[in-house]
Amino acid sequence: MAEIMFISLIQLIQHPETYHQKQVRVIGFASLKFEGKAIYVNKEDYDKAITKNGIWLDVELTDEVRKNHEHYVLVEGTFDKDRLGHLKLYSGTIKNIKRLELWQSGDKPKP
Amino acid sequence: MASGKKTTDPAAGDGSTPACSPSSSCNAGKKYATAEEAAVAAMKEANPKSVHDNREYGGWVHKNPDGTYSYDPPVRGSIDGLDNIPDKGANDVLWYHTHGAYDPHYDSENFSGDDGDKGYSKGNNAVGYVATPSGAIKKYDPATDTVTTLPDTAPP
């Protein structure tokens with residue numbers, strides 16, 4: 001089973017080649033809406049639409065997924081440095097998403 | 001190519017029939033008097049397929065050496081995104097796209113915000129157009145941050 005790397009979004013954005021096609025786990029602020037499915041480094045980046053501080057999420061917007069809109073979330077999936085999301089506005093894509101969960105202050109990631 | 005950028009195969013990726021291809025009756029490459037006329041023609045052509053397939057389509061309009069305008073064949077995106085639109089070329093003046101089929105969960109009758117369509121127009125300093133599931137054609141001008149609905153339509 002492939003190792004899942006628990007890293008910061010900053011690390012992921014700064015070193016996309018290192019994590020290309022690798023399984024990653026990241027925590028950040030989620031936007032889950034039409035043409036805006038992404039995880040940002042923090043809420044301010046989302047509020048100010050600093051999309052290059054975000055990673056596109058290749059996920060279907062089901063009711064369950066949309067519950068996490070505008071919340072901090074934990075995401076696990078495969079990183080793709082070459083897919084940059086809607087209109088290439090983002091800094092990569094997390095695809096084949098296995099986990100997308102609400103992240104609340106004080107939580108610790110499950111192994 | 002007048003726009004000076006790499007040609008993108010609109011059918012690449014999923015093997016589906018493109019909205020516009022050399023074998024179809026599309027008007028990509030045809031000359032129009034204004035850039036907006038070219039964009040409207042592109043969306044009239046792409047929107048029926050976009051709604052039918054529930055996929056976004058989009059591309060750029062470029063200025064020709066003789067002062068006329070033509071649109072590049074649209075690329076086919078996903079259900080709620082267009083991650084394969086070519087980068088703006090030297091002679092590209094505006095961009096256009098479609099929003100796929102109606103979905104009650106999606107605000108697809110409008111441009112997405114600064115984290116989407118509007119941000120793309122602002123970043124590229126280029127007017128953007130969208131054809132919506134209902135057939136409306138809307139224009140976003142980043143210089144004035146205004147959206148206008150055109151009298152013309154792109155019926156699905």
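Helices (H or I, at least four residues) and strands (E, at least two) are DSSP runs, numbered from the N terminus. With that in hand, welcome to chain B.

This is a predicted model, in which local features need pLDDT of at least 70, side-chain atom pairs count only at pLDDT 80 or more, and totals for chains, interfaces and linings use all residues. Residues are numbered from 1 along each chain as its sequence is written, while chains are lettered from A and ligands numbered from 1 in the order in which they are written.

**Confidence.** The pLDDT is the predictor's confidence in each residue, from 0 to 100. Chain B averages 88, and 84% of its residues score at least 70. Residues 1-17 of chain B fall below 50, and this stretch has 35 contacts in the model beyond near neighbours in sequence. Here, two residues are in contact if their C-beta atoms, placed from the backbone, lie within 7 Å. The model as a whole scores ipTM 0.90 and pTM 0.88.

**Overall layout.** Chain B has two helices and seven strands, arranged from the N terminus as α-β-β-β-β-α-β-β-β. Of its 156 residues, 46% count as buried, meaning that 20 or more other C-beta atoms, placed from the backbone, lie within 10 Å of the residue's own.

**Around strand S1.** Strand S1 (residues 57-63) of chain B has six of its seven residues buried. What does S1(B) pair with? Two strands pair if DSSP finds at least two bridges between them, and the table lists partners of S1(B).

| Partner of S1(B) | Bridges and sense | Residues that stand opposite |
|---|---|---|
| S2(B), residues 69-71 | three bridges, antiparallel | Lys63(B) and Tyr69(B) |
| S3(B), residues 75-76 | two bridges, antiparallel | Tyr57(B) and Arg76(B) |
| S4(B), residues 92-98 | five bridges, antiparallel | His62(B) and Asp92(B) |

The hairpin of S1(B) and S2(B) has five residues between the strands, and Gly67(B) there takes a positive phi near 90°.

**Around helix H2.** In helix H2 (residues 117-124) of chain B, the buried residues are Asp117(B), Gly119(B), Tyr120(B) and Ser121(B). Their cover includes strands S5 (127-131) and S6 (136-141) of chain B. After H2(B) comes Asn125(B), with a positive phi near 50°.

**Meeting chain A.** The contact between the chains takes 17 residues from chain B and 14 residues from chain A. On the chain B side, four are nonpolar, seven polar and six charged. Ala, Val, Leu, Ile, Met, Phe, Trp, Tyr, Cys and Pro count as nonpolar, Asp, Glu, Lys and Arg as charged, and the others, Gly among them, as polar.

Technical notes
Buried ≥ 20, exposed ≤ 12 C-beta atoms within 10 Å, placed from the backbone.
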